[in-house]
Structures are given as C-alpha cells and as structure tokens.
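Colleague: Could you take a close look at a single part of this model and describe, for a first-year student, how its pieces fit together? Please go slowly and stay with that one part.

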Amino acid sequence: MTDPFVNMYSDTVTRPSAGMRQAIAEAECGDDMSGSDPTVNRLEAMVAELLDKEAAVFACSGTQSNQMGVRAHCRSGDELLIADTGHIANFEAGGPAILSGVTCRLLPSHNGMLDVDDLEGKLRAENQHLCQSRLLCVENTTNAGGGRPWPLEQLDRVGQWAHANGLKTHMDGARLFNACVAGGYSAAEATRHCDTVSICFSKGLGCPMGSILVGSEEDIYWGRRARKLFGGALRQSGIVAAAAVYALENNIERMADDHANARAFAEGLVGVDGILVNPEDVESNLVFFEIDPELGDATQLAERAMENGLKIGASGSHRLRACTHLDVSREQVLEAVEIIGRSVAEGVGHLSGSATGPYARG
Ligand SMILES: *Cc1c(COP(=O)(O)O)cnc(C)c1O
C-alpha cells in the first residue's frame, strides 16, 4: 500500500503504520459529542497537559481547529492580524470571513514570522469607523513562509506584546512538534503566550486524520461550541483519537530524521544546474526551491518529475515545495534528487505544466 513513486508532495500523504493500525483496532470508544469517548478524553487530557493548558477539544482537521480558535476569540466585525503567508488567511477557503465575520489583516513577514516592529502601529483605534483588532495568529512551523521554527525568544516577545495590547493569541501549530524538534524547545514553552493552539495529527505525526484545539477552559468551551456549529462534533471518534495517542507516544522524536532528510535533499539539489536552493534555509521537513525561469516554470518541473517517479508540488510560479515525512527514506530522498536532476536535464519548458501544487499559481 505504498505509492509506486516517491511521494514528497506533502507530509499529509503518510499511511497509518502497522502499530498505529493496531492502536486503532483496539481503541475504546464512546460518544465523543456527549463527552463520553474515553480515548478522545484521554487524548484531550494528554495534549492539554503537554502544553500546560487547561483543556483541549479534538477536531476533524487543522482548518477546522484553526477556525474554531478564530471563532472562540472573535466576534463578527473583528479583525485578526497574521503574516501575509499565513494558512488561516490564505488556505482555509475564506473561513474567518465566512464562519466568524472576521477580516484578516495580512502583514509583511520574514519567512512567515512577525516581530514586534511589524505589529506596532497596526492596531485599530476604538472608533465606529474601524473594525476591532482582536486576535494575533502565529504559525509554527511556518508553511508557505518556508518551514521555519520560530525562535523561542521571538514567540515570547510577540506573545507578550499582543497580550499587553489587549489582543488574544492563537497559534496555528499544524507542525508544532516539527518546530519543537527543530527549535529545541518544548511544546509548553513554545505555546506559553498563546491563548489557543491548533495541532494537526495528520501531518508529520502520521495519523489518517484529526487535529486538536488547546487552551483555557473558557476558550475551549467556545471552541467546542464552534466545532458543533461547523459540523465537527463526532461520535465514536476514539477510533481516530487512538491513532493520535499512538503518534504522540511514538512519532515525535523521529521527526529529527525527517529534518535531516530534508537537509540532505536540499544539499543534493545544490548540485543540480538550474535549481536554486539554500540548504541553510531548511530547518524542518519542508524544502522550498526554485527553477531558473529560463528553463521552465514550477508546474512544468512538477509534471516532468511526476513522469520520472517523484511527486512534489508547485508553490509559486517558479517555486516548488517538497516534504519529508515518515514514509520517505533517506534512500528515496537521494533518488528524488536524481529525478530532479534528470527532469531538468531532459528539459521541461515545452510541457503543459498541468501538475498542481498545494499552493500553485502566483
Ligand atoms: C495543513 C495545515 C493546516 C491544516 O490544513 P488541513 O487542510 O485542514 O489539514 C493548517 N495550517 C497549516 C500551516 C498547515 O500546513
């Protein structure tokens, strides 16, 4: 049940391992919506404790748990502040506007991160003309920003600034554990100035689905109401929560291997003429690189690579993203370098460029 090609399209493509399937098979279940699924309750308690927060609520997807966070903090007419590359603003189908009546203020960022200088002067005055600044969203690791783990001091600085200025804070921690492994800090340290945190189990942790929103009793009360409203309150979800418990116990430390594989991939690409990449920029499991526009564009290279047995995605007109995860080995990563080299050498400029990417176009 593995792909007949090297799949570095995303860390969402992992299949549940034998051990994880065993945990799923043995999961104790109840009715989650009424609070009586023991496995979901165990998972929620486990993650709340890991982050040193009061409560947590299991969700179907990272989009859902992010939007539950937005709705927990904001009222219709409020504004959230976010890096211009942020997932919540760019890749969640307009969720803040549609689901919570919230506008997003996108701020120029550095690799998807903001500092106090970027935020100062961006708060709205209390005034009938203006929407009200309510929430700061940070993403760790940054995705479209380049797979960067925030430095802990910067998270502290920005979180403290936000609270001192009356904002609530939400972390899109879809890849929080990648950030912890790469940044050398604990999940509790990383999130100590975040009112709510969303974490994905379906990315590097290797689960078939699931996310979680973590925070205070009060914020999670509102998050849970939003989950119901958004159609995400489930019944015997212990079946999938069991995979998440398994992942927390088995799949965190091993992310260091994914990060080393990502670095090795980037280092290999340095030797490919026509590809631009800086291995120093690769800090976690995401590798962004560019194709020389003289040779072709990102969708054309992705199309040729697919023909040659490697799936990656376009993330801009000439920018591509490759992802390492628990279902790609070091050997496959080196094979992927060879495929990119061969694809560029064969020439891609004449192709239709029909391949798509997670964030294709632009
Ligand atoms: C994957 C991801 C999410 C969640 O997206 P889903 O499509 O709901 O899985 C949220 N934020 C970031 C930064 C992500 O990479």
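Modeller: Helices and strands are here DSSP runs, at least four residues of H or I for a helix and at least two of E for a strand, and they are numbered from the N terminus. Please keep in mind that this is a predicted model. With that numbering, Asp-52 has its place in the loop between helix 2 and strand 2, and this loop is a convenient place to start. The phi of Asp-52 is positive, near 55 degrees, in a residue that is not glycine. Most residues other than glycine have a negative phi. Asp-52 has a relative accessible area of 63%, and because exposed means over 50%, it counts as an exposed residue.

From this loop we can step back into helix 2, which covers residues 38-50 and packs against helix 11, residues 238-250, with the two axes 8 Å apart and at an angle of about 35 degrees. The crossing of this pair of helices is left-handed. On the side of helix 2, the residues that take part in the contact are Thr-39, Val-40, Arg-42, Leu-43, Met-46, Val-47 and Leu-50, and they meet Gly-238, Ala-241, Ala-242, Ala-244, Val-245, Leu-248 and Glu-249 of helix 11. Sorted by class, the contact between helix 2 and helix 11 is made of 10 nonpolar residues, two polar ones and two charged ones.

Helix 11 itself has 13 residues, and the distance from its first C-alpha to its last is 18 Å, close to the 18 Å expected at 1.5 Å a residue. Its buried residues are Gly-238, Val-240, Ala-241, Ala-242, Ala-243, Ala-244, Val-245, Ala-247 and Leu-248. Several elements cover these buried residues of helix 11, including helix 1, helix 2, strand 2 and helix 8, the last of which spans 176-183.

Just before helix 2 there is another residue that deserves attention. Asp-32 is found in the loop between helix 1, residues 18-25, and helix 2, and whereas Asp-52 is exposed, Asp-32 is buried, with a relative accessible area of 1%. Which residues are in contact with Asp-32, leaving aside its neighbours within four places in sequence? They are Asp-37, Val-40, Phe-58, Arg-227, Leu-234, Arg-235 and Ser-237. Two of these names lead to other parts of the picture: Val-40 belongs to the part of helix 2 that meets helix 11, and Arg-227 is one of the buried residues of helix 10.

That brings us to helix 10, residues 217-229, whose 13 residues should span 18 Å at 1.5 Å a residue, and whose end C-alpha atoms are indeed 18 Å apart, so the expected and computed values agree. The buried residues here are Asp-219, Ile-220, Gly-223, Ala-226 and Arg-227. Looking down the axis of helix 10, we find these buried residues within an arc of 115 degrees, so they line one face of the helix. The face turned away from that buried side carries Glu-218, Arg-225 and Leu-229, which are exposed. After helix 10 comes Gly-231, which has a positive phi near 80 degrees.

What do the buried residues of helix 10 pack against? Their partners are strand 2 (55-59), helix 3 (62-73), strand 6 (168-173), strand 7 (196-200) and strand 8 (211-215). Strand 2 therefore links several parts of this account, since it packs against buried residues of helix 10 and is also among the elements that cover helix 11.

Helix 3, another of those partners, has 12 residues and reaches 17 Å from its first C-alpha to its last, close to the expected 16 Å. In helix 3 the buried residues are Gly-62, Gln-64, Ser-65, Asn-66, Gln-67, Met-68, Gly-69, Val-70, Ala-72 and His-73. Because 10 of its 12 residues are buried, helix 3 is largely enclosed by the rest of the structure, whereas helix 10 has a buried face and exposed residues on the face turned away from it.

Terms used. Residues are numbered from 1 along each chain as its sequence is written. This is a predicted model: local features need pLDDT of at least 70, side-chain atom pairs count only at pLDDT 80 or more; totals for chains, interfaces and linings use all residues. Side-chain values use heavy atoms; hydrogens and water are left out. Axes are lines fitted to C-alpha atoms, for helices over the stretch in contact, and angles run from 0 to 180 degrees between N-to-C directions. A crossing is left-handed if the near helix is turned anticlockwise from the far one by less than a right angle, and right-handed if clockwise. Contact means heavy atoms within 4.5 Å. Ala, Val, Leu, Ile, Met, Phe, Trp, Tyr, Cys and Pro count as nonpolar, Asp, Glu, Lys and Arg as charged, and the others, Gly among them, as polar. The expected span of a helix is 1.5 Å times one less than its number of residues. Buried means under 20% relative accessible area, exposed over 50%, partly exposed in between (1.4 Å probe, protein chains only). The arc is that of the directions from the helix axis to the C-beta atoms.
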